[in-house]
Amino acid sequence: MSPASTATALHDLPPSEPGRKAAKASRPFELSGSFTFEDHRFAYTEFGSGPNVVVLTHGIMLTRRMHAPLARKLARGGYRVVTLDLLGHGESDRPTESWRYSMPAFAEQTVALLDHLEVDKAVIGGTSLGANVSLEVAVAAPERVLGMVVEMPVLDNAIVAGLLTFAPLLLAARFVPLSVQTVALAARLVPHGNQWVDVVTDTLEQQPAAMAALLHGVLFGRIAPPKSTRRQITTPTLVIGHQGDPIHPFGDADTLALDMPNAEFLQARSPVELRVDPKRLTDAIAEFLDRSYDET
């Protein structure tokens, strides 16, 4: 399928000369676009330009906006970073059939983005749900994945905590839709302009039927590739995990890094280090990207 697309420039300040050094010298442009895959519209944002591409996907019920600060920093280092709203999130379509939502389906959408951008290979990364989507992309289309940045993966140790956290939201969306609509209305009244206020309000602006379908599809579908499959993923991978978070337990990230033959593990100081004090982790991610592309 040849996806249809639209694009709108947000900041168009291209470097005066090609290459990473030129990209570092100026603010990278930002380009908002969309494409169609399997009759649904998907929204994305590009940061920077060049042949070295990184795709980032978000956590469940979050949006591509959560990765904007990291994307800008990596783009200033010379990378073309693309953040994607998966189906049911952000500005992408939000169908109400639960069967449309699954980790393998999200992986197909990520590969469709690469096809739309005419990118043969990229580093694929994500947080929480996005981390698991990255793993599924490596399973479904390993030839398209140059490396992975997997932050806060959700594996076996997180299942109970995940159900306890998201099952009440599923029930509310199914049986008390007015509660979800009221929260969404209140979120729309909050002034925008602050990065993390906008991330929170994006998350709260849910449509009950679509939210219920999303949670149903994700919670009762395949959460991640099984251990036997993970052991066969040879893609170079940077796994980032932390302690003190039952939904993203340290044991899941540590186990994943041990399962995969070409994975390395980086421990974050807290679940929000990459958001509130990002330099150490951002530098490590940039160094991993440099190595991934230098080896090609």
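This briefing walks through cavities, two covered strands, two residues with positive phi, and two residues with their contacts. The model is predicted, so local features need a pLDDT of at least 70. By the rule used here, the structure has 3 cavities of 30 Å³ or more, and the largest cavity has a volume of about 70 Å³. Strand 5 is mostly covered, and strand 8 is largely enclosed by the rest of the structure, because 5 of its 5 residues are buried.

**The largest cavity**

- A general idea helps here: rolling a probe the size of a water molecule over the atoms shows where empty space is left.
- Which residues line the largest cavity? They are Met 66, His 67, Pro 69, Leu 70, Lys 73, Trp 196, Leu 274, Arg 275, Pro 278 and Thr 282.
- Helix 2 (68-76) and helix 11 (273-276) are the elements that give two or more residues to this lining.
- Helix 2 gives the most to the lining of the largest cavity, with 3 residues.
- Sorted by class, the lining holds 6 nonpolar, 2 polar and 2 charged residues.

**Lys 73, a residue of the cavity lining**

- Lys 73 is among the residues that line the largest cavity, and Lys 73 lies in helix 2.
- Is Lys 73 buried, partly exposed or exposed? Its relative accessibility is 33%, so Lys 73 counts as partly exposed, given that partly exposed falls between 20% and 50%.
- Leaving out residues up to four places away in sequence, Lys 73 touches Pro 278 and Thr 282. Pro 278 and Thr 282 are also among the residues that line the largest cavity.
- Lys 73 and Asp 283 are 210 residues apart along the chain, and their C-alpha atoms are separated by 9.5 Å.

**Strand 5 and its partners**

- Strand 5 spans residues 80-84, and 5 of its 5 residues are buried.
- Both faces are covered: Arg 80, Val 82 and Leu 84 sit on one side, with Val 81 and Thr 83 on the other, and all are buried.
- Strand 3 (residues 40-47) pairs with strand 5 in the antiparallel sense over 4 bridges. Within strand 5, Leu 84 stands opposite Tyr 44.
- Strand 4 (residues 53-57) runs parallel to strand 5, and 5 bridges join the two. Val 81 in strand 5 is the bridge partner of Val 54.
- The chain goes from strand 4 through helix 2 to strand 5, and this β-α-β crossover is right-handed. Helix 2 is thus a link back to the cavity, because helix 2 is also the element that gives the most to its lining.

**Strand 8 and its partners**

- Strand 8 covers residues 237-241, and 5 of the 5 are buried.
- Thr 237, Val 239 and Gly 241 point one way, Leu 238 and Ile 240 point the other way, and all are buried.
- Strand 7 (residues 145-151) pairs with strand 8 in the parallel sense over 4 bridges. Met 148 stands opposite Thr 237 in strand 8.
- Strand 9 (residues 263-267) also pairs with strand 8 in the parallel sense, over 5 bridges. Here Val 239 stands opposite Phe 265 in strand 9.
- A right-handed β-α-β unit is made by strand 8, helix 10 (residues 250-259) and strand 9.

**Two residues with positive phi**

- As background, most residues other than glycine have a negative phi.
- Glu 118 is a residue other than glycine with a positive phi, near 60°. Glu 118 is placed in the loop between helix 3 (103-117) and strand 6 (122-127).
- Ser 128 is not a glycine either, yet has a positive phi of about 60°. Ser 128 is found in the loop between strand 6 and helix 4 (129-140).
- Are these two buried or exposed? Glu 118 counts as exposed because its relative accessibility is 72%, whereas Ser 128 is buried, with a relative accessible area of 10%.

**Ser 134 in helix 4**

- Ser 134 has its place in helix 4.
- At 0% relative accessibility, Ser 134 counts as buried.
- Setting aside neighbours within four places in sequence, Ser 134 is in contact with Ile 124, Gly 125, Gly 126, Met 148 and Val 150.
- One of these contacts, Met 148, is also the residue that stands opposite Thr 237 in strand 8.

Notes: Residues are numbered from 1 along each chain as its sequence is written. This is a predicted model: local features need pLDDT of at least 70, side-chain atom pairs count only at pLDDT 80 or more; totals for chains, interfaces and linings use all residues. Side-chain values use heavy atoms; hydrogens and water are left out. On a 1 Å grid over the protein atoms alone, a cavity is a set of points where a 1.4 Å probe fits but cannot get out, and a pocket is an open set with protein on both sides within 12 Å along at least five of seven lines; lining residues have an atom within 4 Å of a point. Grid points are joined across faces, edges and corners, and a volume is the space filled by probe spheres set on the points. Ala, Val, Leu, Ile, Met, Phe, Trp, Tyr, Cys and Pro count as nonpolar, Asp, Glu, Lys and Arg as charged, and the others, Gly among them, as polar. Buried means under 20% relative accessible area, exposed over 50%, partly exposed in between (1.4 Å probe, protein chains only). Two strands pair if DSSP finds at least two bridges between them. A crossover is right-handed if, with the strands pointing away from the viewer, the path from the first strand over the helix to the second runs clockwise. Contact means heavy atoms within 4.5 Å.
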